[in-house]
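Subject: Structure handover

Hello,

Here is the structure I promised to pass on. Please open it first, then read the notes below.

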Amino acid sequence: MALRDILHFPDPRLRLRAEPVSEVDESVRSLVDDMFETMYAAPGIGLAATQINVQKRILVADVSEDRSAPYCLINPEILRLEGEEEMDEGCLSVPGFYETVRRAERIRVRALGPDGNPFEMEADGLLAVCIQHEIDHLDGKLFVDYISSLKRNRIRKKLEKQGAQAAPSRSRVAAPAASL
Ligand code: QAP
Ligand code: CO
């Protein structure tokens with residue numbers, strides 16, 4: 001098990017379309033373990049492989065309070081969307097920002113489980129929203145795509161500023177010490 005780094009908006013790798021998993025083998029199960037570990041550590045309620053820079057159609061979710069309802073969906077397909085609902089959404093790839101998004105209220109999904117066996121499930125409320133949000137990631141889509149470009153650009157600029165500070169700060173501190 002290992003914690004993986006999470007990509008942050010506007011990283012262009014979040015725009016890649018994930019490829020279907022052709023075989024659910026040990027390497028896929030190991031990836032799924034890492035995804036659960038990374039999601040729970042964040043902490044978050046959902047994570048798509050795209051967010052950890054793996055272009056495979058895999059998502060994990062657990063919207064319970066006590067981490068008692070883990071879901072792993074491989075090659076998820078939405079079979080039915082019903083109703084409408086507005087919910088405040090966040091995203092581990094857009095840290096610190098929350099916006100209201102309208103999505104279907106209930107869904108029926110088909111997927112493969114981590115055992116490789118196909119299953120179908122229905123979801124409503126937060127789980128339904130979370131699964132739709134994570135499937136969007138697998139298609140290179142983010143919740144900020146549903147808000148105004150004004151708001152999205154504001155979020156982009158703030159996160160770009162944070163990213164520009166966070167990454168090079170170590171080398172900025174380390175470089176003078178090394179050159180002494
Ligand atoms: C997707 O998102 C979701 O900004 C999962 O600073 C979220 O787990 C679907 C998180 C809400 C439906 C409703 C976000 C953690 C976690 C942050 C997450 C943050 C720390 C987001
Ligand atoms: Co997200």
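Where does R67 lie? R67 sits in the loop between β2 and β3. One caution before going further: this is a predicted model.

**Backbone points**

R67 is worth a look for its backbone. Its phi is positive, about 55°, although R67 is not a glycine. R67 counts as partly exposed, because its relative accessibility is 48%.

N75 also has a positive phi without being a glycine, here about 50°. N75 is found in strand β3. Is N75 buried or exposed? It is buried, because its relative accessible area is 19% and the cut-off for buried is under 20%.

A glycine comes up here too. G140, just after α2, takes a positive phi of about 75°.

Then there are the cis peptide bonds. One joins F9 and P10, with omega at about 5°. P10 belongs to the segment before α1. Another joins A42 and P43, with omega at about -5°. P43 is in the loop between α1 and β1.

**Helix α1**

Helix α1 covers residues 26–41. Its 16 residues should span 22 Å at 1.5 Å a residue, and its end C-alpha atoms are 22 Å apart, so the two figures agree.

Which residues of α1 are buried? They are V28, L31, V32, D34, M35, F36, T38, M39 and Y40. The cover over these buried residues includes β1 (46–48), β2 (58–61) and β3 (71–82).

S30 is also in helix α1. S30 counts as partly exposed, because its relative accessibility is 38%. Try a distance from there. S30 and L79 are 49 residues apart along the chain, and their C-alpha atoms are separated by 28 Å.

**Helix α2**

Helix α2 runs over residues 125–138 and has 14 residues. From its first C-alpha to its last it reaches 21 Å, close to the 20 Å expected at 1.5 Å a residue.

How many of the 14 residues of α2 are buried? Twelve are, and the helix is mostly covered. The buried residues are L127, A128, V129, C130, I131, Q132, H133, E134, I135, D136, H137 and L138.

**R103 and its surroundings**

R103 is in strand β5, residues 99–103. R103 counts as buried, because its relative accessibility is 7% and the limit is under 20%.

Which side chain makes a polar contact with that of R103? The side chain of E89 does, at 2.6 Å. Leaving aside neighbours within four places in sequence, R103 is in contact with G83, E84, E85, E89, V129, Q132, H133, D136, F143 and Y146. V129, Q132, H133 and D136, among these contacts, are also among the buried residues of α2.

**The largest pocket**

The largest pocket holds about 370 Å³ of space. It is lined by 21 residues, and the closest to its centre are I45, E89, G90, C91 and L92. E89 is the residue whose side chain has the polar contact with R103.

Which element gives the largest share of the lining? That is α2, with six residues. Both β4 (85–89) and α2 supply at least two residues each. By type, the lining divides into eleven nonpolar, seven polar and three charged residues.

**P114**

Last, look at P114. It is found in the loop between β6 (106–112) and β7 (118–124). P114 counts as partly exposed, because its relative accessibility is 34%.

What does P114 touch? Not counting residues up to four places away in sequence, it touches V24, R29, C72 and I74. R29 falls within the range of α1, residues 26–41. C72 and I74 fall within that of β3, 71–82.

How far is P114 from K157 in space? C-alpha to C-alpha, P114 and K157 are 38 Å apart, with their positions 43 residues apart in sequence.

**Where to start**

Begin with R103 and E89, joined by that 2.6 Å polar contact. Then go to the largest pocket, where E89 is one of the residues closest to the centre. From there, follow α2, which supplies six residues of the lining.

Best wishes

Notes
Residues are numbered from 1 along each chain as its sequence is written. Chains are lettered from A and ligands numbered from 1 in the order in which they are written. This is a predicted model: local features need pLDDT of at least 70, side-chain atom pairs count only at pLDDT 80 or more; totals for chains, interfaces and linings use all residues. Side-chain values use heavy atoms; hydrogens and water are left out. Helices (H or I, at least four residues) and strands (E, at least two) are DSSP runs, numbered from the N terminus. The expected span of a helix is 1.5 Å times one less than its number of residues. Buried means under 20% relative accessible area, exposed over 50%, partly exposed in between (1.4 Å probe, protein chains only). A polar contact is a pair of N or O atoms within 3.5 Å; within protein, one must be able to donate a hydrogen and the other to accept it, and residues adjacent in sequence count only if both atoms are side-chain atoms. Contact means heavy atoms within 4.5 Å. On a 1 Å grid over the protein atoms alone, a cavity is a set of points where a 1.4 Å probe fits but cannot get out, and a pocket is an open set with protein on both sides within 12 Å along at least five of seven lines; lining residues have an atom within 4 Å of a point. Grid points are joined across faces, edges and corners, and a volume is the space filled by probe spheres set on the points. Ala, Val, Leu, Ile, Met, Phe, Trp, Tyr, Cys and Pro count as nonpolar, Asp, Glu, Lys and Arg as charged, and the others, Gly among them, as polar.
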